[in-house]
Amino acid sequence: LPPYDYDGVEETVRDINNLSSNINMTLAKHAADLQDREDVKAGLVVHHRTTLRCKQYVLAYLWTRLQRLQGLRWELGTSVLPAQYKENLSADEQDFFNEYDEILADYIDEVDEVTRRLHVRCQNLIHFI
């Protein structure tokens with residue numbers, strides 16, 4: 001897992017905020033004559049779609065990293081995250097890994113309990129037959 005790109009994410013969020021501010025300022029400036037201004041409407045659409053695209057990129061980046069963290073937890077088979085991985089994660093990603101590990105551990109415990117009960121029932125059924 002490559003290091004978390006703090007600068008790239010922050011820059012993209014700044015771009016999104018700047019684009020949103022531009023949209024709001026343009027809407028305020030042209031509120032009275034917006035119906036007659038095709039050029040302004042076209043600019044608003046471009047800014048809005050650019051904002052959506054930037055959001056999509058950030059979400060895809062974060063989602064991919066979280067999926068890789070889930071896969072890493074299954075691959076490692078342990079809740080202990082090696083330093084080589086930990087240093088590449090943001091604080092939020094480390095929190096996600098720890099919380100995912102807790103959820104997974106609870107799930108595995110429940111599956112083990114159900115499996116144990118089924119095994120006992122099957123053994124009793126075999127002895128009965």
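## Charged side chains in a predicted model

Glu93 has a relative accessible area of 4% and is therefore buried. The structure in which Glu93 lies is a predicted model, and this report describes its salt bridges and one patch of surface charge.

### Salt bridges between helices

The structure contains 5 salt bridges. Side chains of opposite charge can pair when their charged atoms come close. Glu93 takes part in such a pair with Arg65, with a distance of 2.5 Å from N to O. This salt bridge connects distant parts of the chain, since Glu93 belongs to helix α4 and Arg65 to helix α2 (residues 38-76), with their positions 28 residues apart. Arg65 has a relative accessibility of 2%, so it counts as buried.

A salt bridge also joins Asp101 and Arg73, whose closest N and O atoms are 2.5 Å apart. Here again distant parts of the chain are linked: Asp101 is in helix α4 and Arg73 is in helix α2, 28 residues apart. Asp101 is buried, because its relative accessible area is 12% and buried means under 20%. Arg73 likewise counts as buried, at 8% relative accessibility.

### A network of shared partners

Asp33, Arg37 and Asp39 are joined into one network by salt bridges that share partners. Within this network, the side chains of Arg37 and Asp33 meet at 3.7 Å, N to O. Are these two side chains buried or partly exposed? Arg37 is partly exposed, with a relative accessible area of 26%, and Asp33 is also partly exposed, at 28%.

The table lists three salt bridges with the distance and the relative accessible area of each partner.

| Salt bridge | N to O distance | Acidic partner | Basic partner |
|---|---|---|---|
| Glu93 and Arg65 | 2.5 Å | Glu93, 4% | Arg65, 2% |
| Asp101 and Arg73 | 2.5 Å | Asp101, 12% | Arg73, 8% |
| Asp33 and Arg37 | 3.7 Å | Asp33, 28% | Arg37, 26% |

### A negative patch on the surface

Where does negative charge gather on the surface? A patch of negative charge is formed there by Asp92, Asp95, Glu99, Glu102, Asp106, Asp109, Glu110 and Asp112. One of these residues, Asp106, is located in helix α4, which spans residues 91-128. Its relative accessibility is 46%, so Asp106 counts as partly exposed: the partly exposed class lies between under 20% for buried and over 50% for exposed.

Helix α4 thus holds Asp106 of the surface patch, as well as Glu93 and Asp101, which are paired with arginines of helix α2.

Note on methods. Residues numbered from 1 in each chain as written. Predicted model: local features only at pLDDT ≥ 70, side-chain atom pairs only at ≥ 80, totals over all residues. Heavy atoms only, no water. Patch = residues over 30% accessible without salt bridge, like charges linked within 9 Å, V, L, I, M, F, W, Y side chains within 5 Å. Areas by Shrake-Rupley, 256 points an atom, 1.4 Å probe, with all protein chains shown as cover. Lys, Arg positive; Asp, Glu negative; His and termini not counted. Charge placed at Lys NZ, Arg CZ, Asp CG, Glu CD. Helix = DSSP H or I, 4+ residues; strand = E, 2+ residues; numbered from the N terminus. Buried < 20%, exposed > 50% of the residue type's maximum accessible area, 1.4 Å probe, protein only.
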